[in-house]
Amino acid sequence: HIHVSRAGLGENQTEQDLNIAKMMLMYDKFWDNIVTFSRRSSGQLDWACKPDADIKKEDTNARAIEKSKRNQWDHRRAVNLQHENTVEFRIFRGSLNPNTVKASIQFCKVMVDYVMSHNLAECQDAVWADLIKSAYTELNEYLVERGLATA
């Protein structure tokens with residue numbers, strides 16, 4: 001699992017919660033690609049379920065935050081909110097391959113950077129290529145290996 005500090009997700013609780021909601025939106029939106037990235041199959045995800053935040057285009061920031069917290073006490077979600085100081089990404093299959101570990105961490109970093117630099121509407125309109133744009137060598141190579149790179 002990979003943990004991201006909540007404190008780094010915004011200057012206040014509302015900013016942090018909104019960025020978490022946007023991450024859940026991205027996980028829901030790109031679920032199939034993220035599962036492929038994680039090296040898991042859908043049958044291996046009963047302990048890392050899709051967030052299912054159901055954030056819609058017409059939702060306000062406050063409504064998106066409210067929806068993202070719907071399953072906050074269910075630690076079996078791919079985006080686990082049960083930790084006080086971190087958000088836990090539970091979906092990645094373990095690996096001893098250093099490049100795979102680096103790519104997984106880099107993917108989380110790219111996701112955090114994306115949601116923090118885009119508003120809710122922009123996240124709704126994002127395509128996979130927007131999310132995975134990266135200067136990280138390991139992430140870019142891994143995306144190609146997994147058939148997830150875009151032209």
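Which residues of β1 make up its covered face, and which its uncovered one? I began with this strand, keeping in mind that the model is a predicted one. I found I2 and V4 on the covered face of β1, while H3 and S5 sit on the uncovered face. This fits what I have learned about strands, because in a regular strand the side chains alternate between the two faces of the sheet.

**Entry on the strand partner.** I next looked up what β1 pairs with, and found that 4 bridges join it to β3, the two strands running antiparallel. Within this pairing, H3 has E88 of β3 as its bridge partner.

**Entry on the core.** I then turned to the largest nonpolar core, which has 43 residues, and noted that M26, Y27, F37, F89, F92, F107 and W128 touch the most other members. Several elements supply at least two residues each, among them β1 (2-5), α1 (13-29), β3 (86-89) and α4 (98-117). The element that gives the most is α4, with 8 residues. I followed F89 further and, leaving out residues up to four places away in sequence, I listed contacts that include I2 and V4 as well as M23, Y27 and C108.

**Entry on the cysteines.** How many disulfides does the structure hold? I counted 0, and I wanted to know the reason. The cysteine sulfur closest to that of C49 belongs to C108, but it is 18 Å away and therefore too far for a bond. For C108 the closest is the sulfur of C123, and since the distance is 15 Å, this pair is also too far apart for a bond. I also noted that C108 counts as buried, because its relative accessibility is 3%.

**Entry on R77.** I located R77 in the loop between α3 (61-68) and β2 (79-80). Is this residue buried or exposed? I recorded R77 as buried, its relative accessible area being 13%. A polar atom of the R77 side chain lies 2.7 Å from the backbone oxygen of K50, and other contacts of R77, neighbours within four places in sequence aside, include W47, D52, N71 and R90.

**Entry on the salt bridges.** Side chains of opposite charge can pair when their charged atoms come close, so I searched for such pairs and found 8 salt bridges in the structure. One of them joins D54 and K56, at 2.8 Å from N to O; D54 is partly exposed at 38% relative accessibility, and K56 is partly exposed at 35%. Another links K67 with D59, the closest N and O atoms again being 2.8 Å apart, but here both residues are buried.

Methods: Residues are numbered from 1 along each chain as its sequence is written. This is a predicted model: local features need pLDDT of at least 70, side-chain atom pairs count only at pLDDT 80 or more; totals for chains, interfaces and linings use all residues. Side-chain values use heavy atoms; hydrogens and water are left out. A disulfide is a pair of cysteine sulfur atoms within 2.5 Å. Buried means under 20% relative accessible area, exposed over 50%, partly exposed in between (1.4 Å probe, protein chains only). A nonpolar core is a set of buried Ala, Val, Leu, Ile, Met, Phe, Trp, Tyr and Cys residues joined through side-chain atoms within 4.5 Å. Contact means heavy atoms within 4.5 Å. A polar contact is a pair of N or O atoms within 3.5 Å; within protein, one must be able to donate a hydrogen and the other to accept it, and residues adjacent in sequence count only if both atoms are side-chain atoms. Two strands pair if DSSP finds at least two bridges between them. A salt bridge is a side-chain nitrogen of Lys or Arg within 4 Å of a carboxyl oxygen of Asp or Glu.
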